[in-house]
Amino acid sequence: MKKGGFMKDAAILFAITLIAGFCLGGVFEITKEPIEQAQQAAKIAAYKEVLPDASDFVEDGMEEKIAASAEDLMAQGFGNVYIDTAAQAVDASGNPVGYVVSSTSKDGFGGEVKLSVGINGEGVVTGIAFLSIAETPGLGMNATGDGFKGQFAGKNAETLSVTKTGAPAENEIQAMSGATITSSAVTNAVNAAIYFVNNCAAN
């Protein structure tokens, strides 16, 4: 190939790449805001599911508290669990009614398990909602059913543990048959949320 032809082809390729880059950048900017709005709407929907008595959720100052709690959570044995977001829940008059915390456990059988936990002003878990879970169908994915996740509502303990006995105590969660790893991952994520609320959120 002649040098002139090579330079011409290179210039054309560069132009195509440049135009494609501008187009992709434009698409990103166009879709960025709708995606963020959809993610925010999904998060608020999960918050309302786990703490239905709340009218609004205030996140001001929570990022700093989450960052400050990371070392403390590690020291408490939550090495594979971390807090993603947190908000103080308030009623229609602006009075605090509890907290909603989103946490992630890296110890799921199929990868990360992300969920939101509602905890009222008395420290009682009001419910959990899954944000992301990819466990084994028919086993770990049963965590999304009320039979398992419904166990957390009404629990008032600093730490919950998983049992296989079939007769869980007040501070215990009955493991799913054949899915103890998932059961533990979910419970640890809830425990991290409880610890954060009891020791970090109000400080």
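# A tour from helix H4 to the salt bridges

Begin by selecting helix H4, where 16 of the 22 residues are buried, so this helix is largely enclosed by the rest of the structure; buried here means under 20% relative accessible area, exposed means over 50%, and partly exposed lies in between, with a 1.4 Å probe and protein chains only. What you have open is a predicted model, in which local features need pLDDT of at least 70 and side-chain atom pairs count only at pLDDT 80 or more, while totals for chains, interfaces and linings use all residues. Residues are numbered from 1 along each chain as its sequence is written, and side-chain values use heavy atoms, with hydrogens and water left out.

Stay with H4, which covers residues 180-201, and look at its two end C-alpha atoms: they are 30 Å apart, which agrees with the 32 Å that 22 residues should span at 1.5 Å a residue. The expected span is 1.5 Å times one less than the number of residues in the helix, and the elements themselves are DSSP runs numbered from the N terminus, with helices (H or I) of at least four residues and strands (E) of at least two.

**The strands**

Next, select strand E4, residues 111-120, which is mostly covered, seven of its ten residues being buried. Add strand E3, residues 96-108, and you will see an antiparallel pairing with E4 over nine bridges, where two strands count as paired if DSSP finds at least two bridges between them. The two strands form a hairpin with two residues between them, and within this pairing Val101 stands opposite Val117 of E4.

Now add strand E5, residues 125-132, which pairs with E4 in the antiparallel sense over six bridges. E4 and E5 also make a hairpin, this one with four residues between the strands, and Gly123 in the turn has a positive phi of about 85°.

**Thr104 and Lys114**

Move to Thr104, which is found in strand E3 and is buried, with a relative accessible area of 0%. If you display its surroundings, leaving out residues up to four places away in sequence, Thr104 touches Asn80, Val81, Tyr82, Asp84, Glu112, Val113 and Lys114, contact meaning heavy atoms within 4.5 Å. The side chains of Thr104 and Lys114 also make a polar contact at 3.2 Å (a pair of N or O atoms within 3.5 Å; within protein, one must be able to donate a hydrogen and the other to accept it, and residues adjacent in sequence count only if both atoms are side-chain atoms).

Lys114 itself is partly exposed, at 24% relative accessible area, and its bridge partner in E5 is Ser132. Lys114 also forms a salt bridge with Glu112, the closest N and O atoms being 3.7 Å apart; a salt bridge is a side-chain nitrogen of Lys or Arg within 4 Å of a carboxyl oxygen of Asp or Glu.

**The other salt bridges**

By this rule the count comes to three salt bridges. For another of them, select Lys43 and Glu59, whose side chains meet at 2.9 Å, N to O. This pair links distant parts of the chain, 16 residues apart, with Lys43 in helix H1 (residues 3-50) and Glu59 in the loop between strand E1 (56-58) and helix H2 (62-75).

Finally, select Glu49 and Lys149, which form a salt bridge with the closest N and O atoms 3.3 Å apart. Glu49 lies in helix H1 and Lys149 in helix H3 (residues 146-149), so the pair ties together parts that are 100 residues apart in sequence. Glu49 is partly exposed, at 46% relative accessible area, whereas Lys149 is buried, at 16%.
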